[in-house]
Amino acid sequence: QLSCLVTMVTLRGIPKDLDSYPKDLLLFLSPSDYAATGSCRQYFSNIGKANLDVLQRESSQRKQLLLEALACLEIPGTQVNEENAEILGRLVCDLGGEYIRSSGGSLLKQLSQCESFLPDQEEAIRSVISSGNTTFGPPVVWSAFTLNKLSGLIPVFDHSILQKVPK
């Protein structure tokens, strides 16, 4: 349905008010289509707020979106800072374990919104959390507030992390 809607919306060219359309619609446009109305950063900021699950997780379309986002944000290696993580939004759910490890805690906020994780991502999240080198600190200093902030990641935590959290 969204694909058909994009066809209808873009029949006479790309509308100048694309930001006013549903974010999910943008998943079916390319950054170059959007370029006439705004920057690629703005495009990916909107994409990051869309429901990415409209596209299958391992689909070539989702993989391409992530690659284009990393290129747009000029992320050369595997380290993503908090500002770029904010722009990527839900696209961080598709980043591999190497990105999660390299970025330390800067991805945790966005990762906690993900529906599910691949084993490599789970392992990387546990590694980052266990290191204690995040804004949340090590699990031994966490409070109910911290657990609330990280609630989407709790299913990933193993016994070694959970036993350190104060009662």
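**Exercise 1. Is the disulfide of Cys 93 and Cys 114 right-handed or left-handed, going by the torsion about its S-S bond?**

Some ground rules come first. This is a predicted model, in which local features need pLDDT of at least 70 and side-chain atom pairs count only at pLDDT 80 or more, while totals for chains, interfaces and linings use all residues. Residues are numbered from 1 along each chain as its sequence is written, and side-chain values use heavy atoms, with hydrogens and water left out.

Step 1. Confirm the bond. A disulfide is a pair of cysteine sulfur atoms within 2.5 Å. The sulfur atoms of Cys 93 and Cys 114 lie 2.0 Å apart.

Step 2. Read the torsion. The value about the S-S bond of Cys 93 and Cys 114 is about -95°, so the disulfide is left-handed.

Step 3. Place the two ends. Helices here are DSSP runs of H or I with at least four residues, and strands are E runs of at least two, numbered from the N terminus. Cys 93 sits in the loop between helix H5 (82-88) and helix H6 (97-103). Cys 114 sits in the loop between helix H7 (108-111) and helix H8 (119-131). The pair is 21 residues apart and links distant parts of the chain.

Step 4. Check burial. Buried means under 20% relative accessible area, exposed over 50%, and partly exposed in between (1.4 Å probe, protein chains only). Cys 93 and Cys 114 are both buried.

**Exercise 2. Describe the disulfide of Cys 40, and give the disulfide pattern of the chain.**

Step 1. Find the partner. Cys 40 is joined to Cys 72, S to S 2.0 Å.

Step 2. Locate both. Cys 40 is in helix H3 (residues 40-47) and Cys 72 in helix H4 (residues 60-72), 32 residues apart.

Step 3. Get the hand. The torsion about the S-S bond of Cys 40 and Cys 72 is about 90°, so this disulfide is right-handed.

Step 4. Compare exposure. Cys 40 counts as partly exposed because its relative accessibility is 30%. Cys 72 counts as buried because its value is 13%.

Step 5. Finish the count. The chain has two disulfides. Their pattern is 1-2, 3-4, with bonded cysteines counted along the chain.

**Exercise 3. Work out how helix H8 is packed.**

Step 1. Take its length. H8 has 13 residues and reaches 18 Å from its first C-alpha to its last. That is close to the 18 Å expected at 1.5 Å a residue, where the expected span is 1.5 Å times one less than the number of residues.

Step 2. List the buried residues. In H8 they are Gln 121, Ala 124, Ile 125, Val 128 and Ile 129.

Step 3. Look down the axis. The buried residues of H8 fall within an arc of 130°, so they line one face of the helix. The arc is that of the directions from the helix axis to the C-beta atoms.

Step 4. Name the cover. It includes H6, H7 and helix H10 (159-162).

Step 5. Step past the end. Just after H8, Gly 132 takes a positive phi of about 75°.

**Exercise 4. Tie Gln 121 back to Exercise 1.**

Step 1. Check burial. Gln 121 counts as buried because its relative accessibility is 2%.

Step 2. Follow the side chain. The side chain of Gln 121 reaches the backbone oxygen of Cys 93 at 2.7 Å.

Step 3. Add the contacts (heavy atoms within 4.5 Å). Leaving out residues up to four places away in sequence, Gln 121 touches Arg 57, Val 92, Cys 93, Asp 94, Leu 95, Gly 97 and Ile 100.

Definitions and conventions: A polar contact is a pair of N or O atoms within 3.5 Å; within protein, one must be able to donate a hydrogen and the other to accept it, and residues adjacent in sequence count only if both atoms are side-chain atoms.
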